[in-house]
Amino acid sequence: MLEIIGMSVEDAKTIEACGGDRIELISALTEGGLTPSFATIEKVVNNVNIPVNVMIRNHENSFVYSEYDIEIMEKDIEIAKSLGVNGVVLGLLDKENNIDEVNLQRLLKKCKGIDVTFHKAIDFTNVIKSTEILNKYNITNILTAGGTKRIDYNIEKIKSMIEVSKDINILLGGGLNFENINTIKESTNATDYHFGTAIRIDNSPFGRIDENKLKELIKIIK
């Protein structure tokens with residue numbers, strides 16, 4: 001499974017044409033990804049045939065959310081579902097950097113019938129303990145680099161997450177590039193990968209997707 005970050009209809013169509021398996025649709029890549037506009041979601045979903053998972057994150061301040069934030073995220077999930085998304089991408093922590101299970105459960109009630117990815121907020125927690133917690137819920141994927149260090153420094157944690165994750169797919173992302181992907185693959189035996197800037201022109205969050213890079217990456221992953 002190769003998931004690629006997209007921010008526009010053009011991105012989405014390029015990802016599909018090059019052979020990507022799934023799109024994570026976001027805005028504000030420089031901020032780690034925020035919820036895209038509803039018009040963008042609708043246009044992307046209607047112009048590609050591969051699954052589209054949409055970021056549900058209304059600010060970049062932290063992964064700690066107020067009551068107003070939770071209400072906004074609930075509404076965003078409802079609208080995204082109505083527009084035909086495959087799934088949503090979300091993550092919630094408390095002030096002690098533990099998973100905010102109370103508000104997670106609130107959001108999951110809105111996610112019935114679609115996939116849910118718990119995003120890289122998990123990397124700011126005890127990732128093994130958090131994976132075990134998420135096993136209790138209807139979570140499809142965990143997007144992770146195995147912690148806050150560089151992904152290639154977190155091999156043992158990633159392997160442990162895969163071992164304890166039960167039915168959840170461990171989706172590796174955050175710092176993956178052409179220099180480390182083969183090592184990460186061989187060391188972890190992971191099957192699901194997530195790429196962002198590494199397949200863009202000049203590795204820039206402002207650059208377009210480089211079709212040659214993406215096609216080369218697909219050869220490596222597949």
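Trainee: What makes E78 and K110 a salt bridge?

Mentor: Happy to start there, bearing in mind that this is a predicted model. The closest N and O atoms of E78 and K110 are 2.7 Å apart. The cut-off for a salt bridge is 4 Å between a Lys or Arg side-chain nitrogen and an Asp or Glu carboxyl oxygen, so the 2.7 Å pair qualifies. The two partners come from distant parts of the chain, with E78 in helix α3 (residues 67-82) and K110 in the loop between α4 (101-109) and β5 (115-118), 32 residues apart.

Trainee: Why are E78 and K110 called partly exposed?

Mentor: Partly exposed covers the range between under 20%, which is buried, and over 50%, which is exposed. E78 has a relative accessible area of 32% and K110 one of 26%, so each value belongs in that middle class.

Trainee: How do you know that D21 and K222 meet in a salt bridge?

Mentor: By setting the distance against that limit again. Their side chains come to 2.5 Å, N to O, and the limit is 4 Å. D21 is in the loop between α1 (9-18) and β2 (22-25), and K222 is in the segment after α8, so this salt bridge ties together parts that are 201 residues apart in sequence.

Trainee: Which of the words buried, partly exposed and exposed fits D21, and which fits K222?

Mentor: They get different words, given the cut-offs of 20% and 50%. D21 is at 23% relative accessibility and counts as partly exposed, while K222 has a relative accessible area of 56% and is exposed.

Trainee: What about E156 and K159: what makes them a salt bridge?

Mentor: Their N to O distance is 3.7 Å, which still meets the 4 Å criterion. Both sit in helix α6 (residues 155-164), three residues apart, so about one helical turn separates them. E156 is exposed at 54% relative accessibility, and K159 is partly exposed at 34%. Elsewhere, E67, E74 and R106 are joined into one network by salt bridges that share partners. The search of the whole structure finds 11 salt bridges.

Trainee: Why are α1 and α8 called oblique to each other?

Mentor: Start with the angle. α1 and α8 pack at about 40°, with their axes 9 Å apart. Roughly parallel needs an angle under 35 degrees, and roughly perpendicular begins at 65. The angle of about 40° lies between those limits, so the two helices are oblique. Their crossing is right-handed, and T14, I15 and C18 in α1 meet E211, L214, K215 and I218 in α8.

Trainee: And why are α5 and α6 called roughly parallel?

Mentor: Helix α5 (residues 127-134) and α6 pack at an angle of about 20°, again with axes 9 Å apart. That is under the 35 degrees cut-off, so α5 and α6 count as roughly parallel. The crossing of α5 and α6 is right-handed. On the α5 side the contact is made by V127, I128, T131 and E132, and on the α6 side by K157, S160, M161 and V164.

Trainee: Which residues touch the most other members of the largest nonpolar core?

Mentor: Those are L90, Y193 and F195, in a core of 66 residues. α8 gives the most to this core, with five residues. Beyond its neighbours within four places in sequence, Y193 is in contact with several residues, including M1, L2, L171, L176, I184 and I221. Another core lies apart from the largest one and has five residues, among them I5, I26, L29 and M55.

Trainee: What makes the phi of D202 and of N203 worth a look?

Mentor: Neither residue is a glycine, yet phi is positive in both: near 60° for D202 and about 55° for N203. D202 lies in the loop between β8 and α8, and N203 is in that loop too. D202 is exposed, with a relative accessible area of 71%, whereas N203 is partly exposed at 46%.

Trainee: How do you know whether F206 is buried or exposed?

Mentor: Its relative accessible area is 71%, and over 50% counts as exposed, so F206 is exposed. F206 is found in the loop between β8 (192-195) and α8 (211-221). Its C-alpha atom is separated by 9.6 Å from that of A28, 178 residues apart along the chain.

Methods. Residues numbered from 1 in each chain as written. Predicted model: local features only at pLDDT ≥ 70, side-chain atom pairs only at ≥ 80, totals over all residues. Heavy atoms only, no water. Helix = DSSP H or I, 4+ residues; strand = E, 2+ residues; numbered from the N terminus. Buried < 20%, exposed > 50% of the residue type's maximum accessible area, 1.4 Å probe, protein only. Core = buried A, V, L, I, M, F, W, Y, C linked by side-chain atoms within 4.5 Å. Contact = heavy atoms within 4.5 Å. Axes fitted to C-alpha atoms, helices over the stretch in contact; angles between N-to-C directions. Parallel < 35°, antiparallel > 145°, perpendicular 65-115°, else oblique. Left-handed = near helix turned anticlockwise from the far one by under 90°.
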